[in-house]
Amino acid sequence: MNKREFLKAGLLAGVAAQLPLVSNAAVETAKSSKKKAMKNWVWINPNQKDTDDELAARYTAYKASGITGIFFENDSERHFRAAKAKGLEAHRWMWTFNRAELVNEKPEWYSKNRKGESCADHPPYVQYYRWLCPSRPEVQEYLTKTVDDILAKDYIDGIHLDYVRYCDVILPVNLWDHYKLDQTKELPEYDFCYCDVCKAKFKEEYNLDLDQIQYPEASLSWRLFRYNNITRVVNGISTVAHQHKKQITAAVFPTPEVARRNVRQDWTNWNMDGICPMIYHGFYKEGVSWIGNAVAEGVHFLAGRFPLYAGLYLSDFKSDDEIRTGIQVALKNGAMGVSFFGNVRPEVLAILKDEVAAFKAS
């Protein structure tokens, strides 16, 4: 099962939309965003069967609609250069902590859950969920070296991090039925990482023995340790990106609160050039209006540190009118653009073009 199949599993259709109340702060942020360069993104996996003419036509259409950059899931110099030739930014999308390629060579690098099981041989939820432990210096070295090698290529404009977190201790509620789970409390088999390296570093930092804490899942110090663990690695990667004078962005969970609670991800404290929260409303059984609420929360806690681009999962929307509403509420609440995941049809590009023009003119 690949990422797209995992995301689709158990997905409800979107529900009717209402425009949310927009805070004064969000309105001011939206106004100021007009003075800056808006960016809109798409995620795609380059198809080597695409002809040069097909690429030229596709990227010309993207540019004309208001798309400014592409996150490519795999490397393809031909695709990257074709996009750049049409005035688009070409960024490499990289899986960060969820990496299965080292499971046989370096099994000790992988995270362990609260039961002591390693995801090297007990992957949670799906077979490809193999999570590296962020406490290990060798893991950070491996990831920063990977990014360094990617960004050394002159046709790559930046790095886009995905799976830059711990495993989901709590899945989006819409997936509970599909996986036959009740995650109203944190279950030990999905709570990571409890390896010896993490325990030792936690004791060194907080003078607390994790094994002596009765309810480690409720320990605020243990949560903070894991937030900071991810942040440390991310900011090390960010330093590498900026040494190359290239941009760094990331796909993250939809709001700061959801990100910390579900996957121990504290993205408002990262050193980024932009963030793409995956505001996939169907996964959380929310209506389209929730996109605006999620954007407003993220913009509030970012406090202008870097721009937020609202991640929209196109399969969540029941109609083109809902897509239009999703873009509208994102921009009205302070997003400096959107990022599409899914099938970007010509109709979607036409909607984006209209909404970007309307927003800038308002």
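Visitor: Which hand does the crossing of helix 10 and helix 11 have?
Guide: Keep in mind that we're looking at a predicted model. Helix 10 and helix 11 (residues 346-361) pack with their axes 10 Å apart, at an angle of about 35°. Their crossing is right-handed.

Visitor: By class, how many nonpolar, polar and charged residues are in the contact of helix 10 with helix 11?
Guide: Let's look at who meets whom. From helix 10 come Asp320, Ile323, Arg324, Ile327, Gln328, Leu331 and Lys332, and they meet Glu347, Val348, Ile351, Leu352, Asp354, Glu355 and Phe359 of helix 11. Sorted by class, that contact has six charged residues, one polar and seven nonpolar.

Visitor: How far apart are the end C-alpha atoms of helix 10?
Guide: Helix 10 covers residues 320-332, which makes 13 residues. At 1.5 Å a residue it should span 18 Å, and the model agrees, because the distance between its end C-alpha atoms is 18 Å.

Visitor: Which residue follows helix 10, and what is its phi?
Guide: Inside helix 10, the buried residues are Glu322, Ile323, Thr325, Gly326, Ile327, Val329, Ala330 and Leu331. Just after the helix comes Gly334, with a positive phi near 110°.

Visitor: And helix 9, which residue follows that one, and what is its phi?
Guide: Helix 9 (residues 290-302) has 13 residues and reaches 18 Å from first C-alpha to last, close to the 18 Å expected. Its buried residues include Trp290, Ile291, Val295 and Leu302. What follows helix 9 is Ala303, whose phi is positive, near 50°.

Visitor: Are the rings of Tyr125 and Tyr129 stacked or edge-to-face?
Guide: The structure holds 31 aromatic pairs. For Tyr125 and Tyr129, the ring centres are 5.9 Å apart and the planes stand at 85°. Planes over 60 degrees apart count as edge-to-face, so this pair is edge-to-face.

Visitor: Is Tyr125 buried or exposed?
Guide: Buried means under 20% relative accessible area. Tyr129 is buried at 1%. Tyr125 has 16% relative accessibility, so Tyr125 counts as buried.

Visitor: What kind of pair do the rings of Tyr280 and Phe283 make?
Guide: Both Tyr280 and Phe283 are buried. Their ring centres are 5.8 Å apart and their planes are at 55°, so the pair is tilted.

Visitor: Which residues do ring pairs link into a cluster with Tyr280 and Phe283?
Guide: Follow the ring pairs from one residue to another. Along with Tyr280 and Phe283, the cluster holds Trp41, Trp43, Phe71, Trp93, Tyr309, Tyr313 and Phe341.

Methods: Residues are numbered from 1 along each chain as its sequence is written. This is a predicted model: local features need pLDDT of at least 70, side-chain atom pairs count only at pLDDT 80 or more; totals for chains, interfaces and linings use all residues. Side-chain values use heavy atoms; hydrogens and water are left out. Helices (H or I, at least four residues) and strands (E, at least two) are DSSP runs, numbered from the N terminus. The expected span of a helix is 1.5 Å times one less than its number of residues. Buried means under 20% relative accessible area, exposed over 50%, partly exposed in between (1.4 Å probe, protein chains only). Rings of Phe, Tyr and Trp (its six-membered ring) pair if their centres lie within 6.5 Å; planes under 30 degrees apart count as stacked, over 60 as edge-to-face and the rest as tilted. Axes are lines fitted to C-alpha atoms, for helices over the stretch in contact, and angles run from 0 to 180 degrees between N-to-C directions. A crossing is left-handed if the near helix is turned anticlockwise from the far one by less than a right angle, and right-handed if clockwise. Contact means heavy atoms within 4.5 Å. Ala, Val, Leu, Ile, Met, Phe, Trp, Tyr, Cys and Pro count as nonpolar, Asp, Glu, Lys and Arg as charged, and the others, Gly among them, as polar.
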